[in-house]
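Work through the exercises below with the sequence and the coordinates open. Each task is followed by a stepwise solution.

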Amino acid sequence: MRWLQHPQLLRYAIRFDGVSAGTLMLGLLGLNQPLAQVFGLPSSFLWYVGLGLIPWVTWLVWLSFRPTISRAAAWFVVVVNGLWLAESIWLIVGPTFEPTVWGYGFLIAQAILVALITETEIIALRRKLVNA
């Protein structure tokens, strides 16, 4: 996997993180009513999650265009993504909501995407530590 050796891997992973989170944000803010019916999740919950993503997406995109990305900032991204992943798992297995089959599929798919992005960020961070 040659792309894992790219010198800008961390920057691109964080940028992709921001773009994917931004896509989710726009979908949740603009389509919360129909998504609520399809996913079996409350419309207000989807809207507030979308609203909460605004500062996160803004920060991720800003960070990805900085001349340098500090290790602390990158590890912060990893930790927040880990918290997002934990909350996603809780929504899947916990008693909070009763999603439809499509809702479970959505929660599982976005959790997998977040896990893959986070793993890429961790790989890039570890490679930076070895090469530092």
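The elements of the chain run α-α-α-α-α from the N terminus on. The model is predicted.

**Exercise 1. Overall layout**

Task: State how many helices and strands the chain has, and give the box that its C-alpha atoms fill.

Solution.
- Step 1. Count the elements. The chain has 5 helices and 0 strands.
- Step 2. Take the principal axes. Along them, the C-alpha atoms fill a box of roughly 50 × 25 × 25 Å.
- Step 3. Turn to burial. The chain has 132 residues, and 39% of them count as buried.
- Step 4. Look at the surface. The chain exposes about 7900 Å². Carbon and sulfur atoms supply 71% of that area.
- Step 5. Check the contact range. Take contacts between residues at least 6 apart in sequence; 72% of these join residues at least 24 apart.

**Exercise 2. The nonpolar core**

Task: Find which residues of the largest nonpolar core touch the most other members, and which element gives the largest share.

Solution.
- Step 1. Set the background. In soluble globular proteins, nonpolar side chains tend to be buried together.
- Step 2. Size the core. The largest nonpolar core holds 27 residues.
- Step 3. Rank by contacts with other members. Leu10, Ile14, Leu53, Trp56, Leu63, Ile69 and Ala74 touch the most.
- Step 4. Assign elements. α1, α2 (32-39), α3, α4 and α5 each give two or more residues to this core.
- Step 5. Pick the main contributor. α1 supplies the largest share, 7 residues.
- Step 6. Zoom in on one member. Set aside the neighbours of Ala74 within four places in sequence; Ala74 is then in contact with Leu10, Ile14, Ile69 and Leu125.

**Exercise 3. The largest pocket**

Task: Describe the volume of the largest pocket and the make-up of its lining.

Solution.
- Step 1. Recall the probe idea. Rolling a probe the size of a water molecule over the atoms shows where empty space is left.
- Step 2. Read the volume. The largest pocket has about 300 Å³ of space.
- Step 3. List the lining. It comprises 15 residues, and Ala21, Leu24, Trp84, Gln110 and Val114 lie nearest the centre.
- Step 4. Map the lining to elements. α1 (9-30), α3 (43-64), α4 (71-93) and α5 (101-131) each supply at least two residues. α1 gives the most, with 5 residues.
- Step 5. Sort by class. The lining has 9 nonpolar, 5 polar and 1 charged residues.

**Exercise 4. The second largest pocket**

Task: Repeat the analysis for the second largest pocket.

Solution.
- Step 1. Read the volume. About 200 Å³ of space lies in the second largest pocket.
- Step 2. List the lining. There are 14 lining residues, and Phe45, Val49, Trp84, Leu91 and Leu107 are the closest to the centre.
- Step 3. Map to elements. Two or more lining residues come from each of α1, α3, α4 and α5. Here α4 gives the most, with 5 residues.
- Step 4. Sort by class. The count is 11 nonpolar, 2 polar and 1 charged.
- Step 5. Cross-check the central residues. Trp84 is among those nearest the centre of the largest pocket, and Trp84 is also among those closest to the centre of the second largest.

**Exercise 5. Four positions on α5**

Task: Decide whether Gln110, Leu113, Ile117 and Ala124 are buried or partly exposed, and name their contacts beyond four places in sequence.

Solution.
- Step 1. Fix the cut-off. Buried means under 20% relative accessible area.
- Step 2. Take Gln110, which lies in α5. Gln110 counts as buried because its relative accessibility is 11%. Its contacts are Trp84 and Ser88.
- Step 3. Take Leu113, also in α5. At 35% relative accessible area, Leu113 is partly exposed. Leu113 is in contact with Phe16 and Ser20. Leu113 and Ser20 are 93 residues apart in sequence, yet their C-alpha atoms are 8.9 Å apart.
- Step 4. Take Ile117 in α5. The relative accessible area of Ile117 is 6%, so Ile117 is buried. Ile117 is in contact with Ala13, Phe16, Asp17 and Ser20.
- Step 5. Take Ala124 in α5. With 1% relative accessibility, Ala124 counts as buried. Ala124 touches Leu9 and Leu10.
- Step 6. Compare sequence and space for one more pair. Ala124 and Ile54 are 70 residues apart in sequence, and their C-alpha atoms are 25 Å apart.

Note on methods:
Residues numbered from 1 in each chain as written. Predicted model: local features only at pLDDT ≥ 70, side-chain atom pairs only at ≥ 80, totals over all residues. Heavy atoms only, no water. 1 Å grid on protein atoms, 1.4 Å probe; cavity = no way out; pocket = protein on both sides within 12 Å on 5 of 7 lines; lining within 4 Å. Points joined across faces, edges and corners; volume = space filled by probe spheres on them. Helix = DSSP H or I, 4+ residues; strand = E, 2+ residues; numbered from the N terminus. Nonpolar A, V, L, I, M, F, W, Y, C, P; charged D, E, K, R; others polar. Buried < 20%, exposed > 50% of the residue type's maximum accessible area, 1.4 Å probe, protein only. Contact = heavy atoms within 4.5 Å. Areas by Shrake-Rupley, 256 points an atom, 1.4 Å probe, with all protein chains shown as cover. Core = buried A, V, L, I, M, F, W, Y, C linked by side-chain atoms within 4.5 Å.
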